[in-house]
Amino acid sequence: MIEPHKLLGVRDLSVRFATEAGPVLAVDRVSFDIARGETLALVGESGSGKSTAALSLMGLLGAAGGATLSGRIDLRLKNGSTHDINRLSARELRRVRGNEMAMIFQDPMSSLNPVYTIESQICEAIILHQKTAWPAARRRALELLHSLGIPNPEKCMTSFPHQLSGGMRQRVMIAVALSCEPRLLIADEPTTALDVTIQAQIIELLKRVQSWTGMAILFITHNLGLVAELGGRVIVMYAGRVVEQGKVAEVFSHPCMPYTQALLRSLPRLRRARAPRQRLQAIPGNVPSAVDRPAGCAFHPRCGFAAKGMCDTRLPALEDCGGGHLAACLRWRDIASGKAA
Amino acid sequence: MRRLRPVIGLLLIAAFVAMALLASVIAPYDPFKSSVEVIDPPSARHLLGTDELGRDILSRVIYGARTSLIIGLGAAICAMGIGVPVGLVAGYFGGRVDMLVVPLIDLFIALPGLVLALIITVMVGPNLLNLVLVLGFVMWPSVARLVRGQTLALRETLYIEAARAVGGGSAWIIRRHVWPNIMRVVAAQFAVSVSFAIFTSASLSFLGLGIPPPTPDWGGLVRAGFDFLSLNPLMSLAPGATVTATVMGFYLTGSSVR
Amino acid sequence: MLTMIVRRLLLAIPTIIAITALLFFSVTTILGSPAGMMLGQDASTDAIAALNARYGFDRPAIMQYGAWIAGAIQGDFGRSFTTQQSVARAIADCIPVTLEMTLWSILLATTAAVILNTIPVARRALAGATTAVNLIGITVPNFMLGISLIFLFSVWLGWLPSTGWAPWSDGVAEHLKRIIMPVLTLSAYYFGVFSIVYRAEYRDVAQRMFIQVARAKGLSEWMVAFKHALPNAILPVITFVGITIGQLTGGAVVTETVFSMPGTGRLFVSAIAGHDFPVMLAIGMLIVTGVILMNLLADIAYTIVNPQIRFD
């Protein structure tokens, strides 16, 4: 069960895939909450398990096949009851998808079905979940397109996907997601495939939509710049585990986990007052393969602070490093106090 | 199943080739020799019975493998002989040659192969050599299209670009870089072509327009036995089954290469 | 779109003329004088000359072809050498049989192929069985399948008449009894082809993002499969159906012969066997025209199913 102000409570979520190379633990005992109207960013490199985690929240992994889930995903529904997504039947799950929570995906180019008009693709979910007739669904769709700043919504409604630009298509995808007024929107790298200027517009749009609907957003990205823009809270994932979480401002100004620090150092900054000539630093090495994870802290082979006999044997748990800011590092105290080499 | 496909295919091919090569050893009778035992049902002496001229059906079915082997291999070699060079040239050089060849290939492929084979066979006269040539001619466009597509894709890849930059001539690039890369696909297409040639020649013989009697030929044997289906169903079903197994063997082998 | 259709139709005319001319000239030069063929080996030179004059075979080949194509355009394909019947009439009598058999077969084959490879439960549970049936469909020759059916249902079980044809006017039951085995035979091959093509395309489409989006909307697997995946995966099947209907006679030759059906396929085989040149030519033209027209129709159907494809 989750606290009243919470919308979603994830506890010890693990996702295992059976592959030819052996079982893969894509998500390893991940826990987090999302409050109503909150923005939570899930950050990590590709292969960190962030997208898998997002898909499992939607109950979409079973459909892909080969995945085993454990843990709880408690969601508070519009009617006030809470349910564990992992234990819903296929039919109940379908009532949740698109209705209680919706998802927008990475590639707006292939997210829309090429053979149907925009109108029918937006109205589809409305008619399915709200049991409305076509004219009412149509009115709602028009209203949505209008409020999402789409010029000439009437014309857009009768268009086919290939007639729209990438930015327009992602707006349409947002309209599809918002059509049933979900209380949680999962956005899986929604701007990665778009031009930078369009990216900013979509982020602005999401923030605006959030302010008027009061829905919570789970934003999955590898782009730390976007996280800074979004605000709210952030979770950093590495090799299937949560390694750091907290308020964006707090985590970005005082990262405790060396991985987060490295990620932030790899980010170009225009206003870098104190250290003007500092070079950008790439993180040495690669994300470990999910089949063959290093023992101990998964980051230790790439970590400059890794201590022999400690980081390569013991798995760090999330510790509070002050004010609800959690980090999974055995040496965070040493690093913070400058004792670590 | 996926891994089993080529195994089953190769086993069927092996059985077929063995039957064709060892026909004179395993066949109990001379396939051309008639006797007074006409339309005998299967018995210990004639396992599949005898036909309307008193010939042993089992022996004729076994010898039929030879006819099919010659036609299948011969026609597939002919089809490759035309299709591979045409496909390579059209795909590699593109341009005007390609613009001329592609519509021709498309048209050929859209036309029903059996009908085309029927018309040409009746014009040139049905004998073993002609049939091989006709079927090869009917099949070359499919080969050419496949090879062209593969070559076209390869031509765009970087290492061909690099080979060209090094200063290799077209013939050298095709031989050293294109051919080794498409060989697998061509080999697979060869097996599929053999299967199609055997399938089509059997159909032609069944229609009475293929290999003329008395040469034992599976399609012709099926047709001959068809009239006696109620007396001795094996007379027709046995050669039918061997055609099917052979066609399936080559098809399975060819289609399992991707 | 309209200009595309017009252009393709205009292109079709020289193609048809070229192919029929090729057929015409190769048949006349290779087979020699049709008169010689009609009258047999030991006909007198005078008799051959008389016949040649009567049919105009003594004119240059190009003139003969001109006369033939001029007649063909008006629907006059001459008379059969063997039966002396009007070729157009003979073909018109045969077409309904072939057309009905082919359409039933295609309907059966496409429905079965699409259903078996789309229904979410069937797609997985029956995947192995479908693969096996696909293989049987495309590798078992029609004559083998047809004879096996005749042996099973006519000779052994005695449920169905083995061969022959009964028009609708003989009663629905009689008609269906005669057509069911030919349709099963013919549809097996089509099923194999359609099923292999459709399944490959379906697997591709199923990987596309909009399928995941449809699931995320809360649609059932059936809706995802039939409403979202099917229309995108069906396109190549449309082409095959188009070509199949276009080839009509080509596909039915063996099946009609096995079941002794009075269709164009069997007419064609007997024309070939009897060197009946006018009938051969007319059916050849029918096939070429059919293939070209149905290809065009399939392309038009493409644009209707998938608005993304436009011809300009």
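## Exercises on chain C and its partner chain A

Chain C exposes about 13,600 Å², and carbon and sulfur atoms supply 68% of that (Shrake-Rupley method, 1.4 Å probe, with only the protein chains shown counting as cover for residues). Before you start: this is a predicted model, where local features need pLDDT of at least 70, side-chain atom pairs count only at pLDDT 80 or more, and totals for chains, interfaces and linings use all residues. Residues are numbered from 1 along each chain as its sequence is written, chains are lettered from A in the order in which they are written, and side-chain values use heavy atoms, leaving out hydrogens and water.

**Exercise 1.** Describe the build of chain C.

*Solution.* Start with the secondary structure: chain C has 15 helices and zero strands (DSSP runs, H or I of at least four residues for helices, E of at least two for strands, numbered from the N terminus). Next, its C-alpha atoms fill a box of roughly 85 × 60 × 35 Å along the principal axes. Finally, of the 312 residues in chain C, 52% are buried (under 20% relative accessible area, 1.4 Å probe, protein chains only).

**Exercise 2.** Work out which chains touch.

*Solution.* Two pairs of chains touch, and the pair with the most contacts (heavy atoms within 4.5 Å) is chains B and C. Chain A and chain B do not touch; their nearest C-alpha atoms sit 15 Å apart.

**Exercise 3.** Size up the contact between chain C and chain A.

*Solution.* First count residues: chain C gives 20 and chain A gives 26. Then take the buried area (accessible area, 1.4 Å probe, that two parts lose on being put together, summed over both): it's about 2,100 Å², with 62% from carbon and sulfur atoms. Now look at who contributes: Met209(C), Ala216(C) and Lys217(C) supply 28% of the area that chain C buries against chain A, more than any other three residues.

**Exercise 4.** Find the salt bridges between chain C and chain A, then see which helices of chain C take part in the contact.

*Solution.* There are two salt bridges (a side-chain nitrogen of Lys or Arg within 4 Å of a carboxyl oxygen of Asp or Glu). One of them links Lys217(C) with Glu124(A), the closest N and O atoms being 2.8 Å apart. On to the helices: H10 (209-216) and H11 (221-233) of chain C each supply at least two residues of the side that touches chain A. H10(C) gives the largest share, six residues.

Terms used
Buried means under 20% relative accessible area, exposed over 50%, partly exposed in between (1.4 Å probe, protein chains only).
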